[in-house]
Amino acid sequence: MPLTRRRFAAGTAGTFSLAASGLARPAIAQSGPILIGWMGALTGPLAAPSIGFERGTKWVVEQINSTGGIKGRQIEIVARDTQGDPTKAVNATQELIARQKVHAIWGPPNSGESLATTPIMARAKMPNLHPCVVNSLIDPEKYPNAFRLAPSNVQWDDAVRNYCLNVLKIKEVAIFGDSTGYGTSAVKDSVAGFTKDNAKIVYNGVIDPNQSDVTPDLLRMRDAGAKVLVCWSVTTGLNSRILNARAAIGWDVPIVGHPALGTGEVGKLVDKPANWANVYMVGYRSCSFGPDGRLPARSQEFVDRVKGKIELGDTVLWWVTVAIDAIDLIGKSVAATGSTESDAFIGYLNAVNRYPGLFGDYSFSPQQHNGFPTEEVVMSAANSQRDGAYALAPGYA
Amino acid sequence: MLASIIASGLAIGAVYALIGIVYNTMFSASRVMSFTAGQVGMLGGVLGSLFILRLGLPTIVGFVLTLVVAAAVGVITEVIAVRPVLSKLDQHLYVLSTLALALMIQQVTAIEWSTEPQPFPRLLGIGNGDPLDEKFWLPVVACAVVIIGLEFLYRHTLVGRAFLAIAEDNFAARALGLPERNLRMASFAMAGMIGGIAGFSSGELLLAFFANGAMLNFYGFVPVALGGLGNNRGAIIGGLALGLFQQAANFVFGGVFASVAVFIVFIVALLAAPQGLFGTTTARRV
């Protein structure tokens with residue numbers, strides 16, 4: 001049959017009208033597997049968190065699918081390795097949406113990548129759950145599809161400030177970070193927060209992460225009268241140098257700040273284990289050992305259950321549990337609405353109230369897409385890691 | 001406070017000075033500014049940590065092996081990145097070739113070693129982080145030993161005089177029967193060893209970290225520019241001055257502003273003496 005202009009126009013119109021009618025796609029989509037896009041830096045220098053997220057993601061999908069799936073539908077993870085590169089994350093996002101036609105996306109977990117992918121997902125109305133901390137990633141008006149499962153920078157900052165001012169009861173504060181974009185903005189936010197709470201900021205500044213000796217910086221802080229140091233650095237080299245220099249000048253001042261203060265890499269670089277004492281990092285109640293050496297009941301039960309099945313010794317517990325919560329929430333949405341349509345996901349998530357996840361009790365509303373409760377952000381003793389969890393810092397009930 | 005600034009300033013200054021000497025040694029033999037200078041410094045720390053901490057070898061064995069590998073990297077630089085472009089020096093192709101090799105060294109180290117800083121072993125166990133700690137004076141001692149050794153080599157040995165001869169005029173040296181290519185390779189091996197000494201002696205200060213290479217490339221070039229290209233004594237003085245000024249600026253201005261202060265002084269010094277503070281102007285036939 002020859003292709004004439006009239007036949008082409010008629011065929012095209014027919015195709016468009018069929019697609020627009022919305023009849024064909026749901027009939028297939030509502031009975032097939034639930035496709036969840038998952039992207040993270042699975043290889044490369046930024047891979048450590050994503051490896052933890054990946055373990056939780058795989059485990060929970062196996063659990064759900066082995067018990068019959070969600071309303072008889074299996075969950076299928078479409079994973080993409082972004083290597084921590086925003087360009088790769090953008091490409092992966094477009095491919096997951098346009099070609100793989102996933103129903104929801106979990107990740108990316110790196111804020112730099114998420115800054116690039118969030119607007120793309122918003123344009124496609126793609127339901128998105130992520131654990132990134134940068135404040136601007138959540139805006140229910142601009143990004144009604146995006147939901148945060150981890151605390152934001154503001155919540156971290158609140159927890160650090162609360163610990164310094166209300167638990168340690170110290171008002172003379174030195175605030176510093178590394179001279180990366182993150183460190184600089186975190187110091188600025190932290191200074192604004194402490195100023196608002198009438199603390200006395202005796203020093204604030206950023207330090208080159210490659211600076212070989214930070215003794216001069218610490219001496220400046222000490223001479224300025226600091227009684228507590230607030231550290232916003234993700235650089236293990238700088239963090240360990242701060243701890244070693246603090247010991248070298250014999251200054252037992254508490255250091256409070258970023259979770260990177262508690263990574264095993266810092267532990268390898270301190271001159272003596274004692275140099276790591278009196279250091280408190282942002283942590284979470286659900287992943288903190290109490291004075292009895294046990295986690296909260298829900299977390300302890302999980303850790304006991306996955307012993308030998310998920311390796312927790314070389315990762316961080318919350319990376320695993322938040323991934324489980326992300327997939328669980330998507331599954332619960334399909335179970336409740338029976339739909340994998342974007343509006344159904346977003347509508348379900350907007351109504352979630354105190355959902356008891358492993359990592360936290362999440363609540364969302366159409367106006368608030370930061371789901372993690374601030375009161376569950378606590379400080380942990382940086383040198384106390386065991387099975388990916390930390391001991392609560394002194395002073396908490 | 002002053003003791004701390006002087007100790008850390010002299011230590012890091014000595015490392016910059018040694019990297020400056022690496023630049024000079026490679027330049028003297030080939031007229032090429034090789035960007036692998038900082039990378040061999042970085043490798044000194046990484047290899048020291050690898051041999052002593054990871055493989056558990058005795059310190060002295062680890063040190064010797066570090067120098068051997070660093071010398072090999074120097075020779076590889078000469079063969080791969082310098083020799084092929086020597087005939088086109090006026091086109092400055094060496095910038096590309098040595099930079100490419102430097103980036104390869106850095107990336108391979110990041111992939112095979114770690115992207116995070118790794119610990120470097122305590123070599124002598126002297127000090128407790130105070131200004132008299134070994135991590136501060138070991139680089140200074142290494143710098144002194146290297147400069148004395150080089151002075152002895154250049155002034156009192158036949159091989160050293162041959163090095164000077166090719167540095168002065170390689171055409172004339174070749175005409176006199178000196179094995180110019182072998183001497184150039186030996187110069188690059190020696191430069192690699194000096195870089196290895198810089199990295200090994202400063203391992204406790206800088207840690208075994210792949211990103212140190214770029215930092216040393218950058219700050220190691222400053223004493224060369226300040227002291228005059230090819231002038232080792234100038235590099236020593238320039239390096240130590242840079243380290244002291246940088247640490248003082250860290251204390252007075254804080255991290256980022258310290259870098260700004262360092263480069264303002266650097267630019268002013270070069271405006272005042274474009275040939276370097278200890279360099280000499282040379283006549284050029286036009």
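These legends describe a predicted model, from the whole chain to parts of its six-stranded sheet.

**Figure 1. Overall build of chain A.** Chain A contains 13 helices and 15 strands. Its radius of gyration is 24 Å, close to the 21 Å given by the globule rule for 397 residues, so chain A is as compact as a globular protein of that length. The C-alpha trace spans about 90 × 45 × 35 Å along its principal axes. Of the 397 residues, 49% are buried. Among contacts between residues at least 6 apart in sequence, 69% join residues at least 24 apart.

**Figure 2. An open sheet of six strands in chain A.** The strand order is E7-E6-E8-E9-E10-E14. Pairing is mixed. Strands E7 (200-207) and E14 (377-381) stand at the edges. Each has a single partner strand, so one side of each is left without a neighbour in the sheet. From one strand to the next, the twist averages 25°.

**Figure 3. Strands E8 and E9 of chain A.** Strand E8 covers residues 228-232, and strand E9 covers residues 255-257. The two run parallel and are joined by three bridges. A:Cys231 stands opposite A:Gly257 in E9.

**Figure 4. Helix H7 on the sheet of chain A.** Helix H7 (residues 181-196) lies across strands E6 (172-178), E7 and E8. Helix H7 runs at about 165° to E6.

**Figure 5. Helix H9 on the sheet of chain A.** Helix H9 spans residues 236-248. Helix H9 lies across E6, E7, E8, E9 and strand E10 (279-284). Its angle to E8 is about 165°.

Key
Residues are numbered from 1 along each chain as its sequence is written. Chains are lettered from A and ligands numbered from 1 in the order in which they are written. This is a predicted model: local features need pLDDT of at least 70, side-chain atom pairs count only at pLDDT 80 or more; totals for chains, interfaces and linings use all residues. Two strands pair if DSSP finds at least two bridges between them. Helices (H or I, at least four residues) and strands (E, at least two) are DSSP runs, numbered from the N terminus. Axes are lines fitted to C-alpha atoms, for helices over the stretch in contact, and angles run from 0 to 180 degrees between N-to-C directions. Two residues are in contact if their C-beta atoms, placed from the backbone, lie within 7 Å. The radius of gyration is taken over C-alpha atoms; the globule rule is 2.2 Å times the number of residues to the power 0.38. A residue is buried if 20 or more other C-beta atoms lie within 10 Å of its own, exposed if 12 or fewer, and partly exposed in between; C-beta atoms are placed from the backbone.
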